[in-house]
Amino acid sequence: MSVKEYIQNVYNGVTSLLKGMRKTGYYFFHPKEIITQQYPDNRSTLQLAERFRGEVVMPHDASNEHACTGCTACELACPNGTIKIITRFDTTPEGKKKKALDTFIYHLELCTMCNLCVEACPTDAIKMAQNFEHSVFDRSKLTKKLNQPGSKIREGVE
Amino acid sequence: MYTETAIISDNTLAGPEGELVINVGPQHPATHGVLHLVITLQGETVKKIEPHLGYIHRSIEKMCESLSYRQFIYVTSRMDYLSSHINNLGCAICVEKSMQIEVPQRAKVIRVLMSELTRIASHELWLGAMAMDLGAFTPFFYAFREREMINEIMEDSCGARLTMNYMVPGGVMYDIHPQFREKTKAFVKQFKQKVVEYDDLVTNNIIFQNRMKGVGILSKEDAISFGCTGPVARGSGLSCDTRKIFPYEVYADVDFDEVLETGCDSFARYMVRVREMHQSIRIIEQLIDNIPEGDFQAKTKAVLKPPKGEFYQRVETARGEFGVYIVSEGGTTPYRIKFRSPGFSNLSALDHMARGSKIGDLMATMGTLDLVIPDIDR
Amino acid sequence: MFSLEHITNEVQNWLSSNFSSGWVLVWECLIVIVLTTGLFAVLGLVLVLMERKVAAQIQIRLGPNRVGPRGMLQTVADTLKLVMKEGLTPDLADKFLFNLAPFLVMMVAMLLLAPIAFARGFQLWDINIGVLYISAVSSLSVIGILMAGWASNNKYSLLGAMRSGAQIVSYELSAGMAVLSIVVLSGSLQITEIIQSQQNGWWLFKGHIPAVIAFVVFIIAVTAETNRAPFDLAEAESELTAGFHTEYSGMKFALFFLAEYINIFIVCAIGATLFLGGWMPLHIGSWGGFNHLMDYIPSSIWFLGKTFLLIFLIMWFRWTFPRLRVDQLLALEWKYLLPISMLNLLLVTLIAILGWHF
């Protein structure tokens with residue numbers, strides 16, 4: 001190694017290091033570049049993507065009606081056995097027996113948010129909600145009943 | 001072979017002939033995930049490396065046998081979680097192949113776009129983790145800033161940030177978000193601006209270059225015989241990009257180069273990944289304005305029943321070649337599924353690459369392999 | 001004008017008027033012990049917080065901001081937690097050495113505090129071989145580290161300690177050479193005289209390029225000596241978990257941690273004293289008005305300002321560079337720093353003999 005090369009080496013090394021320091025120095029003196037989101041504090045302004053999959057919910061309208069026919073397509077589509085549907089037979093005014101949803105049991109603790117149940121639903125009775133704060137102290141609280149008490153199927157949904 | 005008794009009795013400081021046996025992992029700040037390496041040292045020099053696997057084995061292949069052809073795809077997100085889109089894509093293509101489902105052109109383009117975004121996200125994380133292995137913490141945060149943009153794009157369109165489950169047999173689960181184009185373009189713009197930072201901070205840094213050059217040599221012949229794929233093999237000059245050799249989706253129509261480096265060392269593997277990010281950006285730029293109109297999902301039956309037979313599909317994940325092998329008996333669930341994960345064969349070359357180097361170099365070499373342990377263990 | 005010198009003199013006068021000379025010494029020793037321990041505690045808290053804040057800013061994060069106003073009390077809470085933690089001793093460790101090591105490291109840091117001039121006339125011990133004393137004592141800290149590594153009966157610790165030994169012994173040389181060049185320029189080993197010699201300008205500026213080179217070599221060498229990144233091979237968390245203090249927990253770990261930061265403070269204080277004039281205000285040649293203005297800033301502020309500037313520089317290094325490999329570390333010292341600093345010392349001597357410095 002000649003003296004010239006040696007000096008060249010030192011020079012190149014030092015400049016490469018200084019370039020790196022310039023970059024980090026830039027960020028040190030530009031606090032506006034900080035990207036931290038202060039999560040629990042920014043709850044009120046937190047915007048989640050509309051398609052974000054947080055949990056399965058069953059939307060009910062104002063008259064406490066849902067669109068679930070109790071066809072168990074979601075139960076079959078679920079890879080983890082997250083959904084359990086209990087059906088009952090209602091008697092229609094015409095006197096015919098009709099299958100209807102009794103209880104929609106949803107095990108949040110088993111759910112992987114894969115969206116296959118929502119895809120499988122023929123009547124769009126369930127959908128994914130954006131709520132992601134699911135921590136509870138008791139595991140049994142994660143087993144949810146999705147249809148509200150006293151709710152019934154919306155007119156015209158087959 | 002390393003036996004169980006040796007682990008128990010390793011509180012004796014020196015092994016035979018003054019060798020030191022140390023365990024790196026499964027709980028060690030250097031190992032990615034729960035990899036356990038048993039390293040035999042002579043002073044600082046590595047004599048032997050034995051990877052121990054199985055800490056995160058979930059028998060995914062067996063699990064898939066009890067899931068239907070629609071259901072098993074979501075499980076593959078949990079293997080190589082950094083390129084879950086591409087894993088899902090491989091499975092979806094394999095099922096489509098078996099059922100002869102024609103995927104709409106729009107879905108194909110969306111799939112490729114998502115795959116390339118995933119590849120960039122994965123390489124960004126790798127770059128940060130790699131720098132962290134060498135003791136530089138800061139590039140990790142800069143890389144994550146860009147990765148976060150991709151995650152947001154994914155969140156918008158796919159509904160999840162990591163395990164998207166966006167690829168379904170017949171297309172994609174949803175159409176792209178209305179803001180997808182805008183956001184992706186913004187990302188491409190920011191990436192091009194900020195990638196200079198990585199060069200200043202990492203690539204051109206003299207300490208980094210000295211740590212990487214001439215370290216972890218893997219010759220082309222060895223890369224072939226260890227079955228290495230992906231950036232690890234391409235860093236050794238082995239042309240093995242599945243996107244070029246067996247083009248799937250629209251890769252045959254887009255213009256991109258297969259990145260090859262002939263350095264065979266850690267720096268070559270590093271450069272392959274960095275240049276691959278640029279190629280992915282190139283693919284995205286070509287496709288982002290040319291997403292054809294049409295359906296995003298082909299009409300498929302509710303229950304998929306592929307005919308009796310064996311089907312195989314390979315895709316290029318961020319780590320290398322990912323293969324899906326399905327044996328169908330004609331039922332609703334696969335008879336047998338086998339995944340070929342790139343990480344496993346890449347890891348097998350570690351002993352060969354790092355033998356005779358210093359411990360610090362072992363970490364650097366391991367970093368360039370870009371190991372994702374759930375992918376290796378499955 | 002606020003001056004620490006007056007306070008010390010008043011305390012001295014008050015004590016000597018009320019007690020016999022023996023008791024005065026005892027009282028002064030007690031005061032010094034309280035002050036040093038207090039300084040250590042405060043420095044530990046402040047420097048750790050500063051490091052975390054600097055790291056956060058560089059890494060586009062916010063850093064600690066939950067405990068106390070703007071996270072000011074974060075390190076207090078951390079210390080409280082460490083105090084309450086159980087101090088484990090591994091089963092097969094050499095218990096005596098294992099428990100002694102952190103105190104040894106701490107003691108060395110304390111000893112180094114003695115000759116440092118914190119402000120005009122505010123110095124514990126103005127020994128006439130101050131610089132020699134510093135270089136002699138600072139090399140003792142490696143014993144504590146080696147002790148910790150050996151006694152832990154842990155292979156990571158042993159490797160870390162051995163690395164640290166090789167590193168500190170090597171880098172001592174070029175740090176010594178850099179210090180020596182200032183000794184040559186100022187012609188004294190005494191800290192006060194070195195500071196006095198910078199009355200009309202700091203050595204960094206007065207000594208032309210050789211002084212700048214000496215300064216750079218000094219900063220690199222002391223970064224290595226204090227086991228800071230990019231020379232933190234003794235810890236090297238990605239290779240050796242935590243190096244020599246892998247097995248330490250609770251307050252014993254805290255002592256190591258504290259000693260690291262105190263050492264940074266001390267080497268930066270020495271650097272500030274030798275190259276940046278210690279508590280001496282910034283004086284530029286014949287700018288009378290400017291010089292007068294600078295004199296109004298208390299000397300302790302000058303000293304602390306310069307020291308913290310250097311500390312920031314060392315922290316900046318840590319959060320920018322990757323770690324060196326052990327053989328590269330030694331190559332850097334023996335192939336680059338040592339030859340350069342030797343040549344530099346010759347140049348400095350030449351400048352000093354010919355009187356070329358200002």
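A residue is called buried if 20 or more other C-beta atoms, placed from the backbone, lie within 10 Å of its own, exposed if 12 or fewer do, and partly exposed in between. By this count, 48% of the 358 residues of chain C are buried. The model is a predicted one, in which local features need pLDDT of at least 70 and side-chain atom pairs count only at pLDDT 80 or more, while totals for chains, interfaces and linings use all residues. Residues are numbered from 1 along each chain as its sequence is written, and chains are lettered from A and ligands numbered from 1 in the order in which they are written.

Chain C holds 15 helices and two strands (DSSP runs of H or I with at least four residues, and of E with at least two, numbered from the N terminus). Its C-alpha atoms fill a box of roughly 65 × 55 × 45 Å along the principal axes.

Next come the places where chains meet. Chain C brings 26 residues to its contact with chain B, which brings 28 residues; two residues are in contact if their C-beta atoms, placed from the backbone, lie within 7 Å. On the chain C side, α7 (155–186), α11 (237–240) and α15 (326–354) each supply at least two residues.

Chain A meets chain B too, with 21 residues from chain A and 19 residues from chain B. Here α1 (3–28) and α3 (116–120) of chain A each supply at least two residues to the side that touches chain B, and α1(A) gives the most, with eight residues.
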